[in-house]
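Subject: Structure handover, with notes

Dear colleague,

Please find the structure below, followed by an account of what came out of going through it. I would be grateful if you could read the notes with the coordinates open beside them.

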Amino acid sequence: DQATKNGYPHFMLKEIFEQPKALRETINRMVHEDNIGFENILSREELEKINKVYIVACGTAYHAGLQGKYALNKISKLEANVEVASEFRYNDPFIDERTLAIFVSQSGETLDTLEAMKEAKSKGAMTIAITNVVGSSISREAHKVIYTMAGPEIAVASTKAYTTQMIILYLLAIYIGKNRNTLSKKDLNHYLNIINEIPNKIEQELKNKEEILTISKLLVDKNNGFYIGRGLDYQTALEGSLKMKEITYIHTEAFPSGELKHGSIALIENGTPVIVLATQKELIDKSISNIKELKARGAFVITIGFDNENLRAVSDKFIPVENIDNIFSGFISIIPLQLLAYYTSIGKNIDVDKPRNLAKSVTVE
Ligand code: G6P
């Protein structure tokens with residue numbers, strides 16, 4: 001057991017630290033100069049036909065899908081929708097032969113995701129699976145498969161599968177933008193340069209682990225907390241909150257920052273921890289006023305953002321993250337959130353790799 005943990009005390013920590021390598025391998029396999037190797041996944045003809053994308057998944061893979069939707073909208077300028085797999089069939093999704101339906105699943109065995117794929121196929125959609133497990137049920141059912149190169153993920157709380165799913169969705173968005181001519185040559189090169197830098201930036205981010213361990217000690221005695229963010233930061237907040245719930249049993253919820261005042265702010269008491277994601281540069285002033293609102297009601301604010309003295313000044317704790325183009329910040333800001341959940345779980349003496357009531361893959365509806 002120890003041997004496969006490679007010297008790490010837990011699989012989760014090992015898998016968090018494997019992210020730079022897993023991402024590098026995924027990128028190196030798919031990107032060659034300005035070419036992204038998806039010609040066998042989506043031909044030019046198929047790309048011309050598509051007018052809409054659905055991304056369908058559960059849990060952490062669903063959160064990767066939210067980031068993917070953002071990338072498809074922003075980078076390839078293609079309408080994208082994301083649905084939780086277990087709800088997909090009840091929503092009468094508008095799917096036909098011009099729909100590209102992408103199913104994201106680490107295990108490739110989640111029954112809700114598999115059933116949603118069958119439904120989309122029956123309506124004529126072209127289906128792509130993004131999965132980590134070769135030969136899994138979802139990979140066999142899909143028209144096309146893209147494998148994440150994450151290596152086996154053992155810890156129940158998903159980390160490296162999430163970021164590798166995200167990188168594939170981003171690469172797909174860039175590939176689609178390039179081949180539908182909605183992405184300029186200049187932006188293509190700019191985005192691919194950023195993609196290539198992501199593994200190094202994550203490596204830098206992982207060096208802050210001691211600081212995050214220290215902050216985690218302030219959370220172990222809390223019963224509840226909140227995560228807030230705007231735009232892409234809200235999507236990252238959802239995944240950060242899920243990580244915390246899964247392995248620390250602290251009740252946390254994520255809200256869009258602007259929605260907080262429409263009800264949920266009533267829950268803020270003296271000392272309630274609020275983790276604020278503030279990586280979207282043009283939204284910093286709005287985040288600062290949200291932080292002031294929260295502080296005035298007694299919240300203990302931990303902010304994650306690019307280094308900014310005004311943000312630092314209003315926060316109780318500030319975790320600076322590596323600077324990156326707004327559109328890609330979800331790859332960087334999730335790292336301190338994974339570590340924060342991990343160290344809080346350790347501080348509470350919880351079996352972090354096998355938290356109660358959860359299974360690595362869920363094969364019942
Ligand atoms: C379970 C796991 C989660 C995972 C979800 C989807 O609930 O505990 O970590 O995100 O299933 O799993 P999949 O294998 O489809 O990505």
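The radius of gyration used here is taken over C-alpha atoms, and the globule rule it is compared with is 2.2 Å times the number of residues to the power 0.38. Please keep in mind throughout that this is a predicted model. For a chain of 365 residues the rule gives a radius of gyration near 21 Å for a compact globule, and because the protein chain has 20 Å, the value agrees with that expectation. Along its principal axes, the C-alpha trace of the protein chain spans about 55 × 45 × 40 Å.

The secondary structure of the protein chain amounts to 14 helices and 12 strands, and buried residues account for 52% of its 365 residues. As for how the chain folds back on itself, if one takes the contacts between residues at least 6 apart in sequence, 75% of them join residues that are at least 24 apart.

The ligand may be of most interest to you. The residues that surround it number 15, and Gly59, Ser105, Gln106, Ser107 and Thr110 are the closest of these. Helix α4 (residues 59-76) supplies the largest share of this shell, namely three residues. Sorted by class, the shell is made up of nine polar, five nonpolar and one charged residues.

I also looked at strand β6 (residues 126-131), where six of the six residues are buried. In a regular strand the side chains alternate between the two faces of the sheet. In β6 both faces are covered, since Met126, Ile128 and Ile130 on one side are buried, as are Thr127, Ala129 and Thr131 on the other.

Which strands does β6 pair with? Strand β5 (residues 99-105) pairs with β6 in the parallel sense over six bridges, and within that pairing Phe103 stands opposite Ala129 of β6. Strand β7 (residues 144-147) also runs parallel to β6, joined to it by four bridges, with Ile128 opposite Lys144 in β7. The connection from β5 to β6 involves helix α6 (residues 111-122), and β5, α6 and β6 together make a right-handed β-α-β unit.

Two backbone conformations deserve a look. Most residues other than glycine have a negative phi. Tyr249, although not a glycine, has a positive phi of about 65°; this residue is found in the loop between α11 (232-248) and β9 (251-256). Because 15 other C-beta atoms lie within 10 Å, Tyr249 counts as partly exposed. Asn349, which is not a glycine either, has a positive phi of about 60° and lies in the segment after α14 (330-347). With 8 C-beta neighbours inside 10 Å, Asn349 is classed as exposed.

Finally, a note on Tyr8, which lies in the segment before α1 (11-17). Is Tyr8 buried, partly exposed or exposed? Tyr8 is partly exposed, because it has 15 C-beta neighbours inside 10 Å. If its neighbours within four places in sequence are left aside, Tyr8 is in contact with Leu13 and Lys14. Tyr8 and Ile176, which are 168 residues apart in sequence, are 39 Å apart in space from C-alpha to C-alpha.

With best regards

Definitions and conventions. Residues numbered from 1 in each chain as written. Predicted model: local features only at pLDDT ≥ 70, side-chain atom pairs only at ≥ 80, totals over all residues. Near = placed C-beta within 6 Å. Helix = DSSP H or I, 4+ residues; strand = E, 2+ residues; numbered from the N terminus. Nonpolar A, V, L, I, M, F, W, Y, C, P; charged D, E, K, R; others polar. Buried ≥ 20, exposed ≤ 12 C-beta atoms within 10 Å, placed from the backbone. Contact = placed C-beta atoms within 7 Å. Pairing = 2+ DSSP bridges. Right-handed = clockwise from strand over helix to strand, strands pointing away.
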